[in-house]
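Got the viewer open? Keep the selection box handy, and we'll go from stop to stop.

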Amino acid sequence: MIEKMKMVHVVTSTSGKEQMLQGLKDIGVVHLSEKQSADREVLDRLQNLSRTAMALRDYAEPKQKASKEILSEEEFNKMYSGVQDALEKKSILNQEISTAKSEIDRISAWGDFSPAELADLKRKGYDFHFYRIGEKEYQAALQDENVKLINLAPVDKQRAIAVMGTLPAEIQATEFVLPERSMSDLQHDIELSQEAIKDCDETLKAASIYDESFKAEMVKAQNEVNFSEAEATTEGDGDFVWVSGYIPEADLDKVKTMAAEKGCAWAAEDVAEDDDKVPTKVRYNKVSNLIKPVFDVLGILPGYREQDISLWFFLFFVLFFAMIIGDGAYGVLILIGTIALNIMQKKMTNITFLLYVLSIATIIWGAVTGTWFGMESAMNVPFLKALVIPSLATYPKYFGLTSTVTQNAIMKFSFSIGAIQMALGCILSAKKKIPEKDLSWVADMGWMVSVIAMYLLALNLVIHDPIPLTPVFGLIAAGFILVLLFGGMSPDKSFGQGLKSGLSGAFTVFLDTISCFGNVMSYIRLFAVGMAGVAISQSFNGIAAGMSGPMMILGVVVVLIGHALNIVMCFLSVVVHGVRLNVLEFSGQAGLEWTGVPYEPFEEVDKVS
């Protein structure tokens, strides 16, 4: 459920500002409103620490043991200063090497000459100038009696010349600027820079073992950033300072106790109806908590005034995952990988628990459809064959059925799941509105009628179920009228105003009704994507089966790579299709827009966000 929030205001004297903020930080329940940016110096410290720690990971050697010791502040600052100097010096040296190499490439065609000797000749009156010149301009220079030139090796595939004095203005050419150092000097500079870089690398390798110390310092820096943001957020008038924020109603006593200890005044009030910045804190139960990792990965959160559908999201997501992966053997592989992950982590996390549920659900779906690595021969195993529900079988001939019968059954199952989920969304939306005395709940019931009608229409058109269409179109018309009449209702409108608002959107309701059919039809993807995965498995199995003798090894490789690619594609399909059905079709019917602001209380953190 989504916890009810209150707006809380805490006031203290100017001299008590630090104590107030420290108290709020200690209780860690107030989400500051209108949070301001932290001091630039504090932010830079955190960003630099993060960049440096990330850079050092590139220097950690595989066999080098990381130090679990946390350096003292003095030791860390000394090491950190050395690392920053080494990184800066290495960057400068690399730039110098790059510049020297570019210069060598530029003059390599002329060999290792001495720029100092040319400069000496110039001082003695031999005013040489060097040019890159086009063929037409070169011929013009040759014909000019006043031009004395020497032909040189081409530079960048363009003719190069040396001229005593300068070329006349009418002859277009690009003057070639000579380097200040010879090629041998530049090579020597590069070698010195490379040696210096090795010294820098040794410093960085030595520091790379202190990753834990960097994490500890970044946590300190993150807390300093959070405190600085809170300081910048406080307001004052010279004598008093105050700060406002959102707090779960259940935690108000913590503010009351803190205020008494720190000598602060406080007040709480209901959040304003038009406040769209109220953070969402979802209280998950043991089951719905399993879907939280998926929400975190997708970055979705219900709005404060929306409803929590995490439990339903979880249940349907598990079913969609199983149907899209579709193969019991793939489920076994996921289960084995989950067990290995669990052993490595040495504890059960939400992610591992979720993977257990998803893998077991996939095994069950694979068992009832008879899909094991897409192998038809699996049906020759009595135990595996006994697990199959004949009407859902991937290989129906083993049960005396045709592929049309089983495919229609799976499509019907997919449509049924879609209709149930979308109708449930309508019910959830109406359930939320009824206590609010929002008459638009009747429109939600209208949408539920439309969903049922569209489901029956889909069965008639796609599977050719003998469903009479006259009552179906009657249901569609009834749903359309209910939505049209009650769709504009809201608690702040009179019945007449709501009716007028609903009727004015007649065309939009008409288009949405047509779209409702498309939403029901979209659930056929559960059937289509699952069948595509089976077809890909069968294709790779067929390719490998055609290889015999010495080619069998290649056949094994084909099967392994083929199934690995198929598993990856199935996981991508879960994200593209399975998540979409929950986030769009289901959520749309339930009235969710996923506009939630994450609840991020001002608190002491123990890890960097």
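What follows is a walk through strands, cores, salt bridges, loops and a surface patch.

**Before we start**

You're looking at a predicted model, where local features need pLDDT of at least 70, side-chain atom pairs count only at pLDDT 80 or more, and totals for chains, interfaces and linings use all residues. Residues are numbered from 1 along each chain as its sequence is written, and side-chain values use heavy atoms, with hydrogens and water left out.

**Stop 1: strand 1 and its partners**

Select residues 5-13, which make up strand 1. Helices (H or I, at least four residues) and strands (E, at least two) are DSSP runs, numbered from the N terminus. Two strands pair if DSSP finds at least two bridges between them. Now add residues 240-248: that's strand 8, antiparallel to strand 1 and joined to it by nine bridges. Add residues 265-270 too, and you have strand 9, also antiparallel to strand 1, with six bridges between them.

Zoom in on His9, in strand 1. Which residue of strand 8 stands opposite His9? It's Ser244. For a pairing with strand 9, click Val8, whose bridge partner there is Ala268.

Stay with His9 and show its contacts (heavy atoms within 4.5 Å). Leaving aside neighbours within four places in sequence, His9 touches Val243, Ser244, Ala265, Trp266, Ala267 and Glu269. Draw a C-alpha to C-alpha distance from His9 to Ala267: you should get 5.3 Å, for a pair 258 residues apart in sequence. Is His9 buried or exposed? Neither, quite: at 26% relative accessibility it counts as partly exposed. On this scale buried means under 20% relative accessible area, exposed over 50%, and partly exposed in between (1.4 Å probe, protein chains only).

**Stop 2: the cores**

Next, select Val10 and Phe313, the residues with the most contacts inside the largest nonpolar core, which has 97 residues. Such a core is a set of buried Ala, Val, Leu, Ile, Met, Phe, Trp, Tyr and Cys residues joined through side-chain atoms within 4.5 Å. Colour residues 310-325 as well: this is helix 10, which gives the most to this core, with eleven residues. A second, separate core has 23 residues, among them Leu46, Leu49, Tyr80 and Ala221. In soluble globular proteins, nonpolar side chains tend to be buried together.

Back at Val10, show what surrounds this residue. Beyond its neighbours within four places in sequence, Val10 is in contact with Met20, Leu24, Val241, Trp242, Val243, Val255, Met258, Cys264, Ala265 and Trp266.

**Stop 3: salt bridges**

How many salt bridges are there? The count comes to 29, taking a side-chain nitrogen of Lys or Arg within 4 Å of a carboxyl oxygen of Asp or Glu. Try these:

- Lys292 and Asp296: the closest N and O atoms are 3.1 Å apart. Both residues sit in helix 9 (residues 292-298), four residues apart, about one turn of the helix. Lys292 is partly exposed at 30%, and so is Asp296 at 49%.
- Lys397 and Glu376: here the N to O distance is 2.9 Å. This pair links distant parts of the chain, 21 residues apart, with Lys397 in the loop between helix 13 (382-386) and helix 14 (403-433) and Glu376 in the loop between helix 12 (350-369) and helix 13. Lys397 is exposed, at 60%, while Glu376 is partly exposed, at 29%.
- Arg57, Asp211, Glu212 and Lys215: select these together, as salt bridges that share partners join them into one network.

**Stop 4: two loops with positive phi**

Go to Glu34, in the loop between strand 2 (31-32) and helix 2 (40-57). This non-glycine residue has a positive phi, near 50°, and is exposed at 52% relative accessibility.

Then jump to His464, in the loop between helix 15 (441-463) and helix 16 (469-486). Phi is positive here too, near 65°, and His464 is exposed at 61%.

**Last stop: a nonpolar surface patch**

Finally, select Met551, Ile553, Leu554, Val557, Ile561, Leu565 and Met569, which make a nonpolar surface patch of about 660 Å². Patches are made of residues with over 30% relative accessible area and no salt bridge, with like charges joined within 9 Å and nonpolar side chains (Val, Leu, Ile, Met, Phe, Trp, Tyr) within 5 Å. Areas come from the Shrake-Rupley method with a 1.4 Å probe, and for residues only the protein chains shown count as cover. End on Ile553, in helix 20 (residues 552-590): this one is exposed, with a relative accessible area of 65%.
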